[in-house]
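This report looks at a few side chains and how they sit against one another. Please keep the sequence and the 3D view open while reading.

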Amino acid sequence: MVVWGGKNGFRSALADGAILDSRTWEWTLIPSFLPEGERGRFFHGATVSDTGLYIFGGESGLKDFKASVLKFDWLTDDPSQQSWTVVPTDTQPIGRKWHTQLSLPQGLLIWGGYGANETYLPTGALLRNLD
């Protein structure tokens, strides 16, 4: 299980989280340092795949709907090598919140959600080549 982001009582976005090891029932903290220009998020999507944790969409507390994809590479046993990156994509869907997000062998599927002015977005994209 992975927990990341959210907001506190002051509508400030959080950028911390943790990973639960279901074999030992121990939590490991996820580093909260993000790439330059990125902030914590809430109302975002989070998907775990064989290559890492992917975050898309959400807000950072400024009514800015995020359209970037963040990847956390956690598949190393050395925590100093774990890092966040912004993943360039071949298709860039509109920034959104409260959307559906699914990891598929072909890539990351993003669908629905709400954009600016709380408008429902009946659109999506399949983001390929994320690794």
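## A nonpolar patch on the surface

In this predicted model, four residues make up a nonpolar surface patch: W98, W111, Y114 and Y120. Together they have about 440 Å² of accessible area.

Y120 belongs to the loop that runs between strand 9 (107-111) and strand 10 (124-127). Its relative accessible area is 43%. Buried residues are those under 20% and exposed ones those over 50%, with partly exposed in between, so Y120 is classed as partly exposed. Y114, another member of the patch, is also partly exposed, and has a relative accessible area of 32%.

## Aromatic rings

How many aromatic pairs does the structure hold? There are 6 aromatic pairs. One of them is made by F42 and F43: the ring centres are 4.9 Å apart and the planes stand at 80°. Planes over 60 degrees apart count as edge-to-face, so the pair of F42 and F43 has that label. F42 has a relative accessible area of 2% and is buried, while F43 has 27% and is partly exposed.

Y114 and Y120 form an aromatic pair as well. Here the centre-to-centre distance is 5.6 Å, with 65° between the planes, and this pair is edge-to-face. One aromatic cluster takes in F42, F43, W98, Y114 and Y120. Of these, W98, Y114 and Y120 also appear in the surface patch.

## Charges over rings

Two lysines sit over aromatic rings. K7 has its charged end over the ring of F42, at 5.1 Å from the ring centre. That ring belongs to a residue that is buried.

K97 lies over the face of W98, and the distance to the ring centre is 4.3 Å. W98 is a member of the aromatic cluster and of the nonpolar patch. K97 itself is buried, with a relative accessible area of 2%.

## Salt bridges

The structure holds 4 salt bridges. One of them joins the side chains of E38 and R41, with 2.8 Å from N to O. Both E38 and R41 are buried.

Another salt bridge is formed by the side chains of K97 and E59, at 2.9 Å from N to O. K97 is in the loop between strand 7 (83-87) and strand 8 (100-104), and E59 is in the loop between strand 5 (52-56) and strand 6 (69-73). The two residues are 38 residues apart in sequence, so their salt bridge ties together separate parts of the chain. E59 has a relative accessibility of 0% and counts as buried.

## A network around K97

What does K97 meet in addition to E59? The side chain of E118 also forms a salt bridge with K97, again described by an N to O distance of 2.9 Å. This pair links distant parts of the chain, 21 residues apart: E118 is in the loop between strand 9 and strand 10, and K97 is in the loop between strand 7 and strand 8. Through shared partners, salt bridges join E59, K97 and E118 into one network.

Within this network, E59 is buried at 0% relative accessibility, and K97 is buried at 2%. E118 counts as partly exposed, at 36%.

## The loop between strand 9 and strand 10

The loop that holds Y120 also holds N117 and E118. N117 is not a glycine, yet its phi is positive, at about 60°. The relative accessibility of N117 is 75%, and it counts as exposed.

E118 likewise has a positive phi, near 60°, and is a residue other than glycine. In this loop, then, E118 combines a positive phi with a salt bridge to K97.

## A contact across the sequence

Q82 is found in the loop between strand 6 and strand 7. Is Q82 buried or exposed? Q82 is buried, with a relative accessible area of 11%; the cut-off for buried is under 20%.

Q82 and I30 are 52 residues apart in sequence. In space, their C-alpha atoms are 8.6 Å apart.

Key: Residues are numbered from 1 along each chain as its sequence is written. This is a predicted model: local features need pLDDT of at least 70, side-chain atom pairs count only at pLDDT 80 or more; totals for chains, interfaces and linings use all residues. Side-chain values use heavy atoms; hydrogens and water are left out. Patches are made of residues with over 30% relative accessible area and no salt bridge: like charges are joined within 9 Å, nonpolar side chains (Val, Leu, Ile, Met, Phe, Trp, Tyr) within 5 Å. Accessible areas come from the Shrake-Rupley method with a 1.4 Å probe; for residues, only the protein chains shown count as cover. Helices (H or I, at least four residues) and strands (E, at least two) are DSSP runs, numbered from the N terminus. Buried means under 20% relative accessible area, exposed over 50%, partly exposed in between (1.4 Å probe, protein chains only). Rings of Phe, Tyr and Trp (its six-membered ring) pair if their centres lie within 6.5 Å; planes under 30 degrees apart count as stacked, over 60 as edge-to-face and the rest as tilted. A charge sits over a ring if NZ of Lys or CZ of Arg is within 6 Å of the ring centre and within 35 degrees of the ring normal.
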